[in-house]
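Please take a moment to look over the sequence and the structure shown below, and then follow the explanation step by step.

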Amino acid sequence: MKKLVMALCLLMGVAAQAQVDERLTYLLDTDRSLINWRGYYAFQFAEHKGTVNFRSGELRTDAGDIVGGSFVIDMNSISNPDHLEGKGPVNHLKDEDFFFVNKYPFALLEIETAEYFPEENKHKFIATLTIKGVSKTQEFWGVADGDKLELRTQFKIDRTRWGITYNNELKDHAIAEAIEFDVYLKFKAQ
């Protein structure tokens with residue numbers, strides 16, 4: 001009987017270890033990952049676009065399926081290459097009217113759920129996006145390439161949900177409420 005109990009314990013330990021081994025965390029390669037942003041004027045044919053960098057991030061998987069992740073965005077890294085530094089919207093984007101980076105230097109995206117749709121080879125993500133200390137649920141779709149350790153997504157947010165309401169009342173030069181993001185994530189090999 002003792003041998004049977006020991007054998008069962010050993011098998012349970014091996015099974016538990018196999019489950020643990022299937023849970024992997026992939027660290028974000030911040031040097032190779034990037035967010036491209038684009039904002040528009042509501043009543044003009046004009047736009048501003050640029051980039052913002054990640055400070056850190058990780059993607060969690062279980063048995064090869066994405067189950068969560070967390071990404072810290074460095075709001076001080078906002079750029080707008082169409083304009084020289086000190087000119088154009090970058091300094092304005094960093095001040096209190098928009099992202100108030102002196103008080104809120106980082107934004108955070110936390111993936112709460114991920115659902116894979118194999119017929120489309122896409123993931124549906126539900127995440128919590130925190131900007132300026134305000135956390136809101138955001139849904140978006142992405143395409144993951146496990147062989148290349150990459151994830152790509154595009155989505156829009158309504159900036160007013162996070163209290164970014166500058167220039168909403170001025171009709172002629174109003175800034176559109178939507179901000180577009182084109183995101184490329186590259187992860188480090190285990």
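**Salt bridges and strands**

In this predicted model, a salt bridge joins the side chains of Arg38 and Glu180, with a distance of 4.0 Å from N to O. This pair ties together distant parts of the chain, for Arg38 belongs to strand S2 (residues 34-41) and Glu180 to strand S9 (residues 175-186), and the two are 142 residues apart. Why can such side chains come together? Side chains of opposite charge can pair when their charged atoms come close. Arg38 counts as partly exposed, because its relative accessibility is 27%, and Glu180 likewise counts as partly exposed, at 23% relative accessibility.

Glu180 also takes part in a salt bridge with Lys156, where the closest N and O atoms are 3.7 Å apart. Here too distant parts of the chain are linked, since Lys156 lies in strand S8 and Glu180 in strand S9, 24 residues apart. Taken together, Arg38, Lys156 and Glu180 are linked in a network of salt bridges. The structure holds 6 salt bridges, and one of them brings together the side chains of Asp29 and Arg32, at 3.9 Å from N to O. Asp29 counts as buried, because its relative accessibility is 13% and the limit for buried is under 20%.

We now turn to the strands. Strand S6 (residues 122-131) pairs with strand S7 (residues 134-145) in the antiparallel sense, over 9 bridges, and within this pairing Leu129 stands opposite Lys136 in S7. S7 pairs in turn with strand S8 (residues 150-158), again in the antiparallel sense, over 5 bridges, and there Val143 is found opposite Arg152 in S8. S8 is also the strand that holds Lys156 of the salt-bridge network.

The turns between these strands deserve a careful look at their backbone angles. Most residues other than glycine have a negative phi. Lys132, however, has a positive phi of about 55 degrees although it is not a glycine, and this residue sits in the hairpin of S6 and S7, which has 2 residues between the strands. Lys132 is buried, because its relative accessible area is 15%. In the hairpin of S7 and S8, which has 4 residues between the strands, Leu149 takes a positive phi near 55 degrees.

Where does Asn121 lie? Asn121 is placed in the loop between strand S5 (106-117) and S6, and Asn121 has a positive phi of about 55 degrees although it is not a glycine. With a relative accessibility of 37%, Asn121 counts as partly exposed, whereas Lys132 is buried.

Key:
Residues are numbered from 1 along each chain as its sequence is written. This is a predicted model: local features need pLDDT of at least 70, side-chain atom pairs count only at pLDDT 80 or more; totals for chains, interfaces and linings use all residues. Side-chain values use heavy atoms; hydrogens and water are left out. Two strands pair if DSSP finds at least two bridges between them. Buried means under 20% relative accessible area, exposed over 50%, partly exposed in between (1.4 Å probe, protein chains only).
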